Every structure is written in C-alpha cells, then in structure tokens.
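Visitor: I would like to test some of the words used for this structure. Could you take me through the reasoning?
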Amino acid sequence: MLRTVAGVGAGFALGYCMPKLDALAPLAEPVEQALHKLHLQFGPKPNIQLTYFDIAGVAEKVRLTCVVGKLPFNDVRVSFEQWPKLKPTSKFGQLPMMEVDGTTVAQSSAMLNYVGKVTGMYPSEPKKALKVDEVIGLHEDLWGAIRPSILVMRDPKLSQKEAQRRQAEMRKELADEKIPAILGFFEKMLAENGTGFFVGSTPTTADIAVYTQLRALQAGYLDGIPKTCVDPFPKLKAFYNQINSRPEVEEWYKKKK
Ligand SMILES: N[C@@H](CCC(=O)N[C@@H](CS)C(=O)NCC(=O)O)C(=O)O
C-alpha cells in the first residue's frame with residue numbers, strides 16, 4: 001500500500017516536473033561543459049597511456065579528443081619493426097592499446113567513448129549521445145567501405161598486378177559513389193543541426209572522429225581517392241576548416257603527423 005502511494009506520488013512529481021526540466025534543457029550543455037572543465041582542472045586525472053603505430057589510423061580520434069578536451073595522456077608510438085615482438089603481449093593481438101590507471105584495454109571505439117566521457121565530449125544526455133553514436137556509426141561505415149581496397153593489396157592469393165587492378169576498380173567505385181554518398185549524409189546532418197558541429201554546439205567525439213577521417217581522405221595517400229573529395233560539400237568543408245584551425249589542433253599537427 002505504502003509502495004503504491006509512493007509510486008503514484010513519484011509518478012505525479014515526475015509528470016509535473018518533466019515539462020519544467022525540458023525548459024531547462026538549453027542550459028544543460030554549457031553547465032555540463034563548465035562542470036567538466038572544473039573537474040578536469042581540479043579533480044583527479046586518470047593516468048592514460050595510448051600505444052599505437054606512428055600513424056593516424058584508428059587511434060587518431062582518441063588522441064585528438066584528448067588534445068581538444070585537454071586531457072593529458074602519454075602518447076606512445078610503436079614502429080612496424082618493433083610490432084612483431086610486442087604483438088604476443090598485446091590484449092587482442094592488435095593496436096591501439098590503452099592503459100588507464102594500470103588497466104589495459106583494446107578497441108579504439110571503447111577508448112574514444114571513455115576519453116569522451118572524461119573530457120565531457122561525449123554527452124551524458126541520452127538523446128544527444130544517441131546522435132553522437134549515429135554519426136560515429138556512419139564514420140565507421142565509411143572506413144568499412146574503404147578497408148577492402150587497402151586489404152586487397154595484402155591478399156597472398158593475388159599477383160601484384162591483379163591486386164592493383166582490383167584496388168583501382170574499388171577505388172573508382174568509392175570515389176564516384178560510396179564516399180560522396182556518405183559525405184552527403186554528413187553534409188545533411190550538419191545542415192540539420194545548424195551549429196557547425198554534428199551534435200549540440202560544442203565539439204563532441206563525433207566531430208573529432210569525422211574530422212580525423214576527412215583529414216585522412218584529403219591527405220592524398222589513398223590512391224584513386226581525389227584530395228578534393230570533400231570540396232563539393234560546403235558545410236562539411238567549413239566544419240573541417242573550423243576544427244582544423246582550432247589552436248590546439250594546429251599545435252598538435254605542427255608536432256605530429
Ligand atoms: N577494432 C580495432 C581494430 C584494430 C586494428 O585493426 N589494428 C591494426 C592497425 S589499424 C593492427 O593492430 N594491425 C596489426 C596486426 O593485426 O598485427 C580497433 O578499432 O581498435
């Protein structure tokens with residue numbers, strides 16, 4: 001009986017408060033960011049070591065979230081020559097690996113979520129987090145589309161010439177269809193959000209993941225993918241330029257690859 005009364009009371013209180021909480025929603029983001037900044041500045045910081053090859057690859061989104069979110073980390077780079085010795089000691093036989101206060105984890109997406117939460121760049125509000133995850137899922141689809149065109153060159157069953165022929169064929173389809181289709185979806189999302197960021201009005205892990213991807217696409221090291229592939233998407237290009245010209249990002253790329 002008491003439980004029923006308490007349940008009805010709580011339900012009523014929630015029903016009464018919710019519309020008012022909704023009205024407070026615009027304040028939530030800046031307040032949350034400010035609290036995170038204070039916590040990062042004065043609270044205990046996790047001790048993070050991120051180990052990866054000396055390339056951008058799948059770890060760059062994690063590194064750059066730490067950089068933009070001002071979360072110190074130990075940036076360990078392993079050469080391809082060192083790797084065969086290290087591989088048997090790694091968690092899943094792959095890099096990156098991240099050590100957080102003595103605990104080692106693998107999987108760059110888990111690392112990105114973690115540093116996003118610590119820096120406040122992964123929203124705690126579930127609907128915003130859902131949007132961030134949606135963008136990150138699309139960026140993973142784009143990598144998934146590109147990956148076979150990289151792996152084909154390592155297929156032991158193919159001659160060098162045949163691998164090159166297949167890669168060129170895949171890259172043409174990527175450049176003409178798959179990449180513009182996904183970049184078009186990104187463009188539409190930016191237009192819908194209207195702040196220059198993918199979600200909310202401050203950088204999230206989604207922005208950083210897409211930025212590092214656009215950076216790789218425009219670097220020109222994927223044969224057959226034109227460096228200009230982002231140019232037909234003005235909002236995406238402006239988004240890229242805006243992240244690219246943040247002082248901490250410029251500083252980072254002055255020092256790193
Ligand atoms: N899903 C993993 C993929 C990790 C992965 O593919 N790592 C590659 C480099 S990007 C690797 O360690 N390759 C060396 C090997 O497998 O021996 C992640 O995102 O962390």
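**Contacts around the ligand**

Guide: Start here: in this predicted model, a nitrogen atom of the ligand is 2.7 Å from a polar backbone atom of Leu-95.

Visitor: What makes that pair with Leu-95 a polar contact?

Guide: The cut-off is 3.5 Å between N or O atoms. The Leu-95 pair is at 2.7 Å, so it counts.

Visitor: Which side chains have a polar atom by the ligand?

Guide: Gln-107 has a side-chain N or O atom 2.7 Å from a ligand nitrogen. Ser-108 has a polar side-chain atom 2.6 Å from a ligand oxygen. Of the 510 Å² that the ligand exposes when taken alone, the protein buries 67%.

Visitor: Why is Tyr-52 said to surround the ligand?

Guide: A residue is near if a heavy atom lies within 4 Å. Tyr-52 is listed in the shell, along with others including Phe-53, Trp-83 and Lys-87.

Visitor: How does the shell around the ligand divide?

Guide: Into 5 nonpolar, 4 polar and 1 charged. Lys-87 is in the shell, and Lys counts as charged.

Visitor: Where does the ligand sit?

Guide: In the largest pocket. That takes more than half of its atoms within 2 Å of the pocket's grid points.

Visitor: Which domains does the chain have?

Guide: Domain 1 covers 48–119 and domain 2 covers 126–255. Their C-alpha centres lie 20 Å apart. Each domain gives 14 residues to the contact.

How values were computed:
Residues numbered from 1 in each chain as written. Predicted model: local features only at pLDDT ≥ 70, side-chain atom pairs only at ≥ 80, totals over all residues. Heavy atoms only, no water. Polar contact = N/O pair within 3.5 Å; in protein donor to acceptor, adjacent residues only side chain to side chain. Areas by Shrake-Rupley, 256 points an atom, 1.4 Å probe, with all protein chains shown as cover. 1 Å grid on protein atoms, 1.4 Å probe; cavity = no way out; pocket = protein on both sides within 12 Å on 5 of 7 lines; lining within 4 Å. Domains from an automatic or database assignment. Contact = heavy atoms within 4.5 Å.
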